[in-house]
Each structure stands twice: as structure tokens, then as C-alpha cells.
Amino acid sequence: MTVGITDDQIHVKHYNEIGDKWKFNNQYEEDGSLRISKSSEEISIESSGELELLDDSVALIRFDFEEITPLGTRQVLGFHGDKTALMANSIDIDEVTCTDGLENLGSFGKQYDAQIGNVQLVEGRPGGGRSARFTNDSRLAIFAMGPLSGGQVVSVSLWFKTSHTEKDMVLVYSGQRWGPSTQKDQLAITLRNGIPTFHISRDQAYTVTGISSIADMNWHHLVLTMPKQSCLSSEIQLYIDGYRASLETMMPSSPDNHVFFSTQGRMSFGGFGYSSKATRKIYKDMVPYMGELDEVTVWSRTLSIEEIIILASLNTASPEPISSPSSNPTKSPVIVCDGNNCTDDETFTFPLNNGKVKNCAWFGKNNTGRRKSKYCEYEEIKSACQKSCSAIVSCQDDPDFTFSLSNGNTQNCSWFNKNEEKIITRKDRYCYEDDRSTPSVLAGSCARSCGLCTDD
């Protein structure tokens, strides 16, 4: 790393070692830059590569499982394998030799690429591309430490499908790399006999209540999110298929402590990854995950309920949630009307998730787009509130509406038309259902940008 300083500028450059030997190559290439300049009235900051400033609004880690590449294709700093070359071609993870890698599509970049073994890419959710199939011998782990550290806020989102209900299968694990630790927390998200659970330490664990096993060979969406930094373990929230789950402690006699994750932990999916054997003894009854995973994403911030709903609805192949705002609702295509050829049932009411009862007029009073995204998915509500749930009630964009892309980024309606080369692709993906002809619920809040107005 070099630092250049002048009267009005600081320029930091990051270099990466290149060559055939695992160290002492004495060859480097620039792979990061940070420039802070005060040459004008306003201070300017430019960053790129390994020194790019972190934007915590976007995902840090994201795996879409569309492509597997051989290890050594992308360099992970410090990852030398057997120390015979600068870039390792294999690594042993939990007694399995892994020779493949998975590109991290999040903002943490290649340093948080995953090393994998015995993971098969298969046809996944309808419209969702490929997914990853795990067996007892599959491994997927990240060599770099973090991103869980101390009391830092973390959110995790993933899709899963399995028929296995035996024991306690690991979906997500972040634990200490060296030696045992009982002073700092680890994170384990599991399916315990088909019921989602999470563990913060050997003394603090929570399980979802009020549902039967969801190891039913249907796709389900799971989100774990911390509401604030260093929250109590009991404040951590779990969402299944877009709905907040009811939780109960599995260890009622243990104190409810503030979360503080190990600062030397490494993250893995479907198993224990690089974590130490001593640490794993804390969770000796847990076993590797067997089933499919898709769209695994990690953020360093709290996810909003609106973001969770959208994440859970993107390309979903499991139309019925495990809980519902009314009796047995099902999702169906969005009704399209111009405000004149369809009407609302003025006598119809429905309960919200918080128990309050509303009528169709509630959709237009505030946060219109978010309310539609959450409740107009259901046939019972949509049929009674045709006008209010219409994709084109008002042919304008909602200026306050935002939505999450499949990569975790948050955008508003103007995003659709910012890149001329991608307008058609973006509208096809987000403005319409899978049939590419029926407007989506999202399109009701971005009618103008989605091109649904009759005067467009």
C-alpha cells in the first residue's frame, strides 16, 4: 500500500501480490484506490477496487448459485491452500477436499468468495434460475473473517427447499475459527425437525412456534434480522415466507443477553465450514443441511418489513404462506383497471397482521405501494378491493415507494429508466409477473416508469 500526500490531496493505492510462488514474488498490481481531494470548494472522495467505500445499504455477501468456477480463478488474499502457490487450487473444509469457488456478488467482493465442494447446481425456483443442492458431504464456506463481529447489526436472507426432517440441520453458521469460545456469541440458523430455529450461544436459542414442519419439498423464504446494534437475543426477528414468526426460547432458565459475536468468526452455509472442532462441540447435535438453497444474502443493517415482503415474493414457487391475514388466501395475478371498469366492495373488511381491521379505502390513505405489495397478493382481498388493488389506479409513480432488487440493492421507480440498454430487461423482470404480460403488484406503484399508462 502507498500513500501520496500533497497540499490538497491524499491518494492511497492498494497493491496485490502476483506471481507463481505462494509468497516473496516481489511482483504487484494495483487493485484499489482512495483519493480525497480538497482542490475545489467541496471535498471530493473517489474510491475503487479493494479500497472502495462501503455502502451498507447494499448486500455485503450474495450468492445466486448460477455458476461455479475452479478455485484459483479469483484471488482471495491470504488464501494459499497447501502453500505451494499464491492462489490455491484446493482446500480441505471439514474433512472434504474442495476444488471449486462461488463468486460473491455483494459489495465485499472477491475477498468473500466462497470455497465449495460437492455442491451441485440444479434447476431451481420457477423463474429463479439455478439453485444449490446440498448433501451430507457438501461444503460451502468463506475464508475471510466476518462479517459478523461484536454487536454489529446483521441480516440474513435465503430460500430453502428440503424434505428432510431428521435432527437439526445447519442452514447458516458463523463461529470461531480457532479454539473453543463460551464468552462470545456464534450464529446458527437451523431446521430442527423441519422447524426454523436460531442459536446465539449454547445458552440462548429460539424456535418458531405455531407451525408444523416446513420440510415439505416446497420453496420457503427465511429472513433473520437484528433491529439494532447489540440487541438482546430475544429482540432478533425471524420471518418465514414474508411473515414475522412467533418465537419462544428453548432455554427459559438462561439470561437474555446482548448479542456480541466472535470477532474471529467465519461464515458458512449448509454446515460448519471453517469453524473449530472445539467450538462445534457446543452444537454437537447439529448436522449438515440436506436440500436446496438459493439467493443467500447478508447485510450489515436491519431489513424493513417492506423489503422482506418483496424478497419473499420474488419468483416465489410457494404461493401460500405459512400464516395469513385472513382465511386461506392464495396469490393470483394483479387486476388491471382504469378506475372506472372495476370497483371495491364497500362492505368488505380484512385483518392486518397486527390484528387491526381495515376496508379497501385503507390502501389509498398512506404508503399505498407498500400496502399493496403486502396485502393485494391475496385473492380474497384482491377480488373485493379490485379498484384499490389495481395496477393502474393512478397513472403516476409513487415518489415514496422503494423496492429491493434481487441483488439486495434498494431502488425507487426512476431506476427503471436510468440505463437505456437495460430498460426492457428491468421492466420485464420487475413490472410483470412470470408470464411477462400481467402487471406485478410493484408496477402499481411505478405505473408511469413501468410504461403501463395509456398515454405512454
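This passage describes the fold, the internal spaces and selected local features of a predicted model.

The model is a prediction, in which local features need pLDDT of at least 70 and side-chain atom pairs count only at pLDDT 80 or more, whereas totals for chains, interfaces and linings use all residues. Residues are numbered from 1 along each chain as its sequence is written, and side-chain values use heavy atoms, with hydrogens and water left out.

The chain contains five helices and 29 strands; these elements are DSSP runs numbered from the N terminus, with helices being H or I runs of at least four residues and strands E runs of at least two. Of its 456 residues, 50% count as buried, where buried denotes a relative accessible area under 20%, exposed one over 50% and partly exposed a value in between, computed with a 1.4 Å probe on protein chains only. Among contacts (heavy atoms within 4.5 Å) between residues at least 6 apart in sequence, 66% join residues at least 24 apart. The surface exposed by the chain amounts to about 21,200 Å², of which carbon and sulfur atoms supply 45%. Accessible areas were obtained by the Shrake-Rupley method with a 1.4 Å probe, and for residues only the protein chains shown count as cover.

Internal spaces were located on a 1 Å grid over the protein atoms alone: a cavity is a set of points where a 1.4 Å probe fits but cannot get out, a pocket is an open set with protein on both sides within 12 Å along at least five of seven lines, and lining residues have an atom within 4 Å of a point. Grid points are joined across faces, edges and corners, and a volume is the space filled by probe spheres set on the points. Three cavities of 30 Å³ or more are present, and the largest encloses about 140 Å³. This largest cavity is lined by 18 residues, of which L71, G72, R74, V76 and D113 are the closest to its centre. Two or more lining residues come from each of β6 (69-70), β9 (100-102) and β10 (114-117). By class, the lining comprises nine nonpolar, six polar and three charged residues, with Ala, Val, Leu, Ile, Met, Phe, Trp, Tyr, Cys and Pro taken as nonpolar, Asp, Glu, Lys and Arg as charged, and the others, Gly among them, as polar.

The second largest pocket has a volume of about 290 Å³. Its lining consists of 14 residues, and G49, E52, S107, F108 and G109 lie closest to its centre. Five nonpolar, four polar and five charged residues make up this lining.

In a regular strand the side chains alternate between the two faces of the sheet. Strand β20 (residues 237-240) directs Q237 and Y239 one way and L238 and I240 the other way, and all are buried. Strands are taken to pair if DSSP finds at least two bridges between them. Strand β19 (residues 220-225) pairs with β20 in the antiparallel sense over four bridges, and L224 has L238 of β20 as its bridge partner. β20 also pairs with strand β21 (residues 243-244), in the antiparallel sense over two bridges, with I240 opposite Y243. Two residues separate the strands in the hairpin of β20 and β21, where D241 adopts a positive phi near 55 degrees.

Unusual backbone geometry was also examined in loops. F65, in the loop between β5 (61-63) and β6, has a positive phi of about 60 degrees although it is not a glycine. F65 is buried, with a relative accessible area of 1%. N118 likewise has a positive phi, near 60 degrees, in a residue other than glycine. N118 is placed in the loop between β10 and β11 (120-123) and is partly exposed, at 49% relative accessibility. The peptide bond from G146 to P147 is cis, with omega near 0 degrees, and P147 belongs to the loop between β13 (139-145) and β14 (155-161).

Two further residues are buried. K382, in helix α4 (residues 379-384), is buried at a relative accessible area of 1%. The C-alpha atoms of K382 and D344 are 9.2 Å apart, although 38 residues separate the two along the chain. N25 occupies the loop between β2 (9-17) and β3 (28-37) and is buried with a relative accessible area of 10%. Not counting residues up to four places away in sequence, N25 touches E17, I18, G19, D20 and L86.
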